[in-house]
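Student: I have a model open and would like to learn how to read it. Can we go through it feature by feature?

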Amino acid sequence: MKGISHLTFIVRDLDRMATFLCEGLGAREVYDSAHRNFSLSREKFFVLGGTWLAAMEGEPPSERSYQHVAFAVSEPDLPRYRARLEALGVEIRPPRERVEGEGLSLYFYDFDNHLFELHTGTLEQRLARYADGR
């Protein structure tokens, strides 16, 4: 196993998802099938933090859940991302309860019920904090 190849999101409106990813999160669009479909439907590809994201036209999840994708960011960048996402009309969720030392998070939904998180901590920090038990 080498790691994650890509993440695919099914969305109603590819252009709206492109705006969300590029303007809201700083992704770079690298491909648009533009009605020359090689897969199940029209799709766009993006690169965000070195991760390949795919968005395909279709019927997105009908309900919201806590299932999500989290991207690592630095703590000073969280307010900037929040402002960019709020300017797009993205719904920001209240943060969950946290213990000190596990990092900060910004949770938000895209326009198709997908939950995202921007997180400032690392796995090592969280494991150390949880092992502390306080």
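Student: Which handedness does the crossing of α1 and α2 have?

Tutor: In this predicted model, α1 and α2 cross in a right-handed way.

Student: And what numbers go with a helix pair like that?

Tutor: Two packed helices are described by the angle between their axes and by the distance between those axes. Here, α1 (residues 14-25) packs against α2 at an angle of about 145°, and the axes lie 8 Å apart.

Student: Which residues of α1 and α2 meet?

Tutor: From α1 you get Phe20, Cys22, Glu23, Gly24 and Leu25; on the α2 side they meet Tyr81, Arg84 and Leu85. Sorted by character, the residues of this contact are five nonpolar, one polar and two charged.

Student: OK, on to the sheet. How do I read one?

Tutor: Strands in a sheet pair through backbone hydrogen bonds, in either a parallel or an antiparallel sense. The open sheet here has four strands in the order β5-β8-β7-β6, and its pairing is mixed. At the edges sit β5 (68-72) and β6 (91-93), each of which pairs on one side only. Going from strand to neighbouring strand, the average turn is 30°, direction ignored.

Student: Where does α2 go relative to that sheet?

Tutor: Helix α2 (residues 78-87) packs on it, touching β6, β7 and β8. The direction of α2 makes about 15° with that of β7.

Student: In which sense does β8 pair with β7, parallel or antiparallel?

Tutor: Antiparallel: five bridges join β7 (residues 105-109) to β8 (residues 115-119). To check the register, pick serine 105, whose bridge partner is histidine 119, then leucine 106, which is partnered by leucine 118. The two strands form a hairpin with five residues between them. In its turn, asparagine 113 has a positive phi of about 75°.

Student: And what about β8 with β5, parallel or antiparallel?

Tutor: That pair is parallel, again over five bridges. For a landmark, valine 69 stands opposite phenylalanine 116 in β8.

Student: Why is β8 largely enclosed by the rest of the structure?

Tutor: Start with the general pattern: in a regular strand, side chains alternate between the two faces of the sheet. In β8, Leu115, Glu117 and His119 are on one side, with Phe116 and Leu118 on the other. These residues are all buried, and both faces of β8 are covered. Five of the five residues of β8 are buried, so the strand is largely enclosed by the rest of the structure.

Terms used: Residues numbered from 1 in each chain as written. Predicted model: local features only at pLDDT ≥ 70, side-chain atom pairs only at ≥ 80, totals over all residues. Heavy atoms only, no water. Pairing = 2+ DSSP bridges. Axes fitted to C-alpha atoms, helices over the stretch in contact; angles between N-to-C directions. Contact = heavy atoms within 4.5 Å. Left-handed = near helix turned anticlockwise from the far one by under 90°. Nonpolar A, V, L, I, M, F, W, Y, C, P; charged D, E, K, R; others polar. Buried < 20%, exposed > 50% of the residue type's maximum accessible area, 1.4 Å probe, protein only.
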